[in-house]
Amino acid sequence: MKCLILVGGFGTRLRPLTLTLPKPLVEFANKPTIVHQIEALVQVGVREIILAINYKPELMSNNLSHISEKYGVKIIYSQETEPLGTAGPIALAKDYLINDCFFVLNSDIICNFPFQEMIEFHRSHGKEGTILVTKVEEPSKYGVVVAKTNGQIMRFVEKPKEYVGNKINAGIYLFNPSILDKIELRPTSIEKEVFPQMALDEQLYCMDLNGFWMDVGQPKDMLYGLALYLNDLKMNHSNQLKIGKGFIGPVLIDNTSRISEGCLIGPNVSIGPNCIIEEGVRIRDSILLEGVTIASNSFIKNSIIGWKSTIGNWCRIENISVLGQDVHVDDEIFVNGGKILPHKTISTNVPEPAIIM
């Protein structure tokens, strides 16, 4: 089997991190988001992955070459010369997809990836397409999928004012190759143009996703998604998490990082490779990427600290602050919701949410 992953554009929602790396390469729970997807795809026999990409293809290729070798999967780059939406990239990659059923994924999605269950369900109904759906508490904010009890999709309702259901498109699809004849090579929305017609033709089914789901394409959702992911690990693979004195689970820490005495870490924290956390530090609900140093007695909450950044003594970083690569925060600094571009030194407080250029 094959899979097309919609990598897309410039990752503006995740800046300043995407000023250093394309969005799918930014680490989520200590591995690039796209690697979570590749690992799950390989487990169900996918051996060829096509990346639909229009931003920094050479950077993606350089960073994924070892992943291709590690997992024994061929990675092909299908480069758009103009943004093609969510369906156009499928038409562009048509020559790679014509021989068998194939998955399509949004590269921002994190979940348990029930690909084997999707394959079985897709074969059981025998129609052209299957989409994964997830339940939400506030369906009025989304496009809702309305389906029969057997999963056959009847229609889509965009941001309904009255309750029609609570299932939304989870951004993971499985198609027969015959769908390729229905998608033109032009900027096209699969959600607004292709899926409604498939539903009218009674060719589209949905399968419920059991477990967590999150689109981690922006900082606040990445932090919330981390909490969902780590709590799922706690229930199913708790041996991967750090426990003991000074930790409030769930906490994920790379073995190469060093945590000093007197720290309190967690809940919902991931700490990447080669980080140094000095004594008396408090971290919760946050992501530290590779090579971060947090000096003594600092407090980090609901924030993402970028690669090789340093936080001084007695600092307070909170409120969805995002520090890009190689940011240096002086001692006793308060950052409240700051988005700080790479290679900056912060020597004065950031008392209100702001972009520091």
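Aromatic ring pairs in this predicted model were assigned for Phe, Tyr and Trp (its six-membered ring) when the ring centres lie within 6.5 Å, with planes under 30 degrees apart counted as stacked, over 60 as edge-to-face and the rest as tilted. By this rule the count comes to 10 aromatic pairs. In one of these, the ring centres of F212 and Y229 are 6.2 Å apart and the planes stand at 80°, so the pair is edge-to-face. F212 lies in the loop between β12 (204-208) and β13 (213-215), whereas Y229 belongs to helix α7, so the pair ties together parts that are 17 residues apart in sequence. Helices (H or I, at least four residues) and strands (E, at least two) are DSSP runs, numbered from the N terminus. Both rings belong to buried residues, F212 with a relative accessible area of 11% and Y229 with 13%; buried means under 20% relative accessible area, exposed over 50%, and partly exposed in between (1.4 Å probe, protein chains only). Ring pairs also link F102, F156, Y173, F175 and F195 into a cluster.

The model is a prediction in which local features need pLDDT of at least 70 and side-chain atom pairs count only at pLDDT 80 or more, while totals for chains, interfaces and linings use all residues. Residues are numbered from 1 along each chain as its sequence is written, and side-chain values use heavy atoms, with hydrogens and water left out.

Helix α7, which contains Y229, comprises 18 residues (219-236). The expected span of a helix is 1.5 Å times one less than its number of residues; for α7 this gives 26 Å, and the end C-alpha atoms are 25 Å apart, which agrees. Buried residues of α7 include P219, D221, M222, L223, G225 and L226, and A227, Y229, L230, D232 and L233 are also buried. Y229 is in addition a contact of H36, contact meaning heavy atoms within 4.5 Å. H36 is found in helix α1 (residues 33-43) and counts as buried at 7% relative accessibility. Not counting residues up to four places away in sequence, H36 touches F28, A29, K31, I110, F113 and Y229.

The protein chain holds 7 helices and 31 strands. Strands of a sheet pair through backbone hydrogen bonds, either parallel or antiparallel. Two strands are taken to pair if DSSP finds at least two bridges between them. An open sheet of 6 strands has the order β15-β18-β21-β24-β27-β30, with parallel pairing. Strands β15 (258-259) and β30 (345-346) stand at its edges, each with a single partner strand, so one side of each is left without a neighbour in the sheet. Strand β27 (residues 328-329) pairs with β30 in the parallel sense over 2 bridges, and V329 stands opposite I346 in β30. By contrast, strand β9 (residues 143-147) and strand β10 (residues 153-158) pair in the antiparallel sense over 5 bridges. V146 has R155 of β10 as its bridge partner. The hairpin of β9 and β10 has 5 residues between the strands, and G151 there takes a positive phi near 100°.

Several backbone features fall in loops. Most residues other than glycine have a negative phi, and most peptide bonds are trans. The peptide bond from R15 to P16 is cis, with omega near 10°, and P16 is found in the loop between β1 (2-8) and β2 (27-28). A cis peptide bond also joins G266 to P267, with omega near 0°. P267 lies in the loop between β16 (264-265) and β17 (269-271), and N268 is found in the loop between β16 and β17 as well. N268 has a positive phi of about 60° although it is not a glycine, and this residue counts as buried at 12% relative accessibility. N319 likewise has a positive phi of about 60° without being a glycine. N319 lies in the loop between β25 (316-318) and β26 (321-323) and is partly exposed, with a relative accessible area of 38%.

For the chain as a whole, the radius of gyration is taken over C-alpha atoms, and the globule rule is 2.2 Å times the number of residues to the power 0.38. With 357 residues, a compact globule would have a radius of gyration near 21 Å, and the protein chain has 21 Å, which agrees. The C-alpha atoms fill a box of roughly 65 × 40 × 40 Å, taken along the principal axes. Of the 357 residues, 53% count as buried.
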